[in-house]
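Here's a quick tour of salt bridges, pockets and one residue's surroundings. Have the structure open beside you as you read.

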Amino acid sequence: MAILELHDLTKRFGETAAVDRFTLAVEKGEFVSLLGPSGCGKTTTLQMIAGFETPTSGSISLNGRDLSRVPARERGLGIVFQTYALFPHMTVEENVGFGLEMRKVPADERKRRIAQTLDLVHLTHLSTRYPRQMSGGQRQRVALARALVIEPELLLLDEPLSNLDAKLREEMQLELRRIQQEAGVTTLLVTHDQSEAMALSDRIAVMQGGRLIQEATPFDAYDQPKNAFVSSFLGKSNAINAHLETAGSEGTILRCGEIRLNGPGCPEQPGPVLISLRPERIEFCNEGDALVRGRVSERIFLGDQWLLKVETGLGELLVVRRNSGRREPELGEAVGLTWQAEHLRILGAEAVA
């Protein structure tokens, strides 16, 4: 059952539609991410849910309750901001209990819930510290505890990990998911970080230009992108212009200049299309088995993997190889490339510029 429902939600600033007819339902206990580049409307959407912005049109309902006339302070939402917004003169315990105090929760109940929530975020031993005495990750957990202690129907996260360094951000992704699952709280995250959204979410809603482009599980959005934008935004992708010669449920024939390729079943009509091919789906092979041949033009070592660029008759193709200790082709080396036909994604004529 959906706990949060957005229907045709629109926000205009003058002639500009920051959010345009956005519709989304979030189930109880789900973790859903609004994902997209800067300026796509994801933060404006979150601010309308929180009550900080008034929609131009459309509706927001929480557990069947229309929020359009409910002030932000009365919506009962837990919110974690990018800056955490902790009170520097208050201890961890005082910061976490502030919302309960404002709601006039009795002292004994307040003490119990603070202790329970600090235990959930593993900060019981730091309850008397001040924010300035804590690391970024610890402050982030204090902000999360403050949002959770009021037992909100919905938790809103606005880029909560963006101020952390890369290693700590990865650690906090695991911690945030653990806390969300243990608390069982329905959560909506706003982020521009693709890996963060895919690591944390049950579903992601990819936005572009104020509109919802694709809503799916992280795996489905990555593996079955709806269009060229989703394909390129969710990780690395090779985009290949082609001409669809024959199409059918069993397979297709694609012409890319002088090169013909077998593709997966496709409902598109013959004509120009854009092909998406993930770089980790490409394998090196001997020339006799190659679908295309090329020469390595760039080679980058990233520790756990190699990135190689190969100049081919299809254009420059990026190849990602897991570092398993094997030898990888050198710069300038001639190579053969192959992949499975089902790994090609045909994005359709509308994707061709």
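## What lines the largest pocket

This is a predicted model, and we'll begin with its pockets. Sorted by class, the residues around the largest pocket come out as 13 nonpolar, 3 polar and 4 charged. That makes a lining of 20 residues, with Leu77, Ile79, Phe81, Arg103 and Ile150 lying nearest the centre. Three elements each give two or more residues to this lining: β6 (78–80), α2 (92–102) and α4. As for room inside, the volume of the largest pocket is about 500 Å³.

## The second largest pocket

Next up is the second largest pocket, which holds about 280 Å³ of space. Its lining counts 15 residues, and those nearest the centre are Leu148, Glu151, Pro152, Ala183 and Val185. By class they split into 7 nonpolar, 4 polar and 4 charged. Which element gives the most to this lining? That's α3, with 4 residues.

Keep an eye on Glu151, one of the residues nearest the centre of this second largest pocket. Glu151 turns up again in a salt bridge with Arg113.

## Glu151 and its network

The salt bridge between the side chains of Glu151 and Arg113 has an N to O distance of 3.8 Å. The two partners come from distant parts of the chain, 38 residues apart: Glu151 is in the loop between α4 (136–148) and β7 (154–158), while Arg113 belongs to helix α3 (residues 107–120).

Is each partner buried or exposed? Glu151 counts as exposed because its relative accessibility is 52%, and the cut-off for exposed is over 50%. Arg113 has 11% relative accessibility, so it counts as buried, given that buried means under 20%. The pair isn't on its own, either: a network of salt bridges links Glu109, Arg112, Arg113 and Glu151.

## Other salt bridges worth a click

The structure holds 25 salt bridges, so here are two further examples to pull up. Asp202 and Arg177 meet through their side chains at 2.7 Å, N to O. This pair also links distant parts of the chain, with Asp202 in the loop between α6 (194–200) and β9 (203–208) and Arg177 in helix α5 (residues 166–183), 25 residues apart. Asp202 is partly exposed at a relative accessible area of 29%, whereas Arg177 counts as buried at 16% relative accessibility.

Then there's Arg255, which forms a salt bridge with Glu245; their closest N and O atoms are 2.8 Å apart. Arg255 sits in strand β12 (residues 252–256) and Glu245 in strand β11 (residues 238–246), so the pair ties together parts that are 10 residues apart in sequence. Arg255 is partly exposed, with a relative accessible area of 30%, and Glu245 is partly exposed too, at 26%.

## Around Thr10

Last stop: Thr10, found in strand β1 (residues 2–13). Its relative accessible area is 7%, so Thr10 is buried.

What does Thr10 touch, leaving aside residues up to four places away in sequence? The contacts are Val19, Asp20, Arg21, Met48, Pro55, Thr56 and Ser57.

Definitions and conventions. Residues are numbered from 1 along each chain as its sequence is written. This is a predicted model: local features need pLDDT of at least 70, side-chain atom pairs count only at pLDDT 80 or more; totals for chains, interfaces and linings use all residues. Side-chain values use heavy atoms; hydrogens and water are left out. A salt bridge is a side-chain nitrogen of Lys or Arg within 4 Å of a carboxyl oxygen of Asp or Glu. Buried means under 20% relative accessible area, exposed over 50%, partly exposed in between (1.4 Å probe, protein chains only). On a 1 Å grid over the protein atoms alone, a cavity is a set of points where a 1.4 Å probe fits but cannot get out, and a pocket is an open set with protein on both sides within 12 Å along at least five of seven lines; lining residues have an atom within 4 Å of a point. Grid points are joined across faces, edges and corners, and a volume is the space filled by probe spheres set on the points. Ala, Val, Leu, Ile, Met, Phe, Trp, Tyr, Cys and Pro count as nonpolar, Asp, Glu, Lys and Arg as charged, and the others, Gly among them, as polar. Contact means heavy atoms within 4.5 Å.
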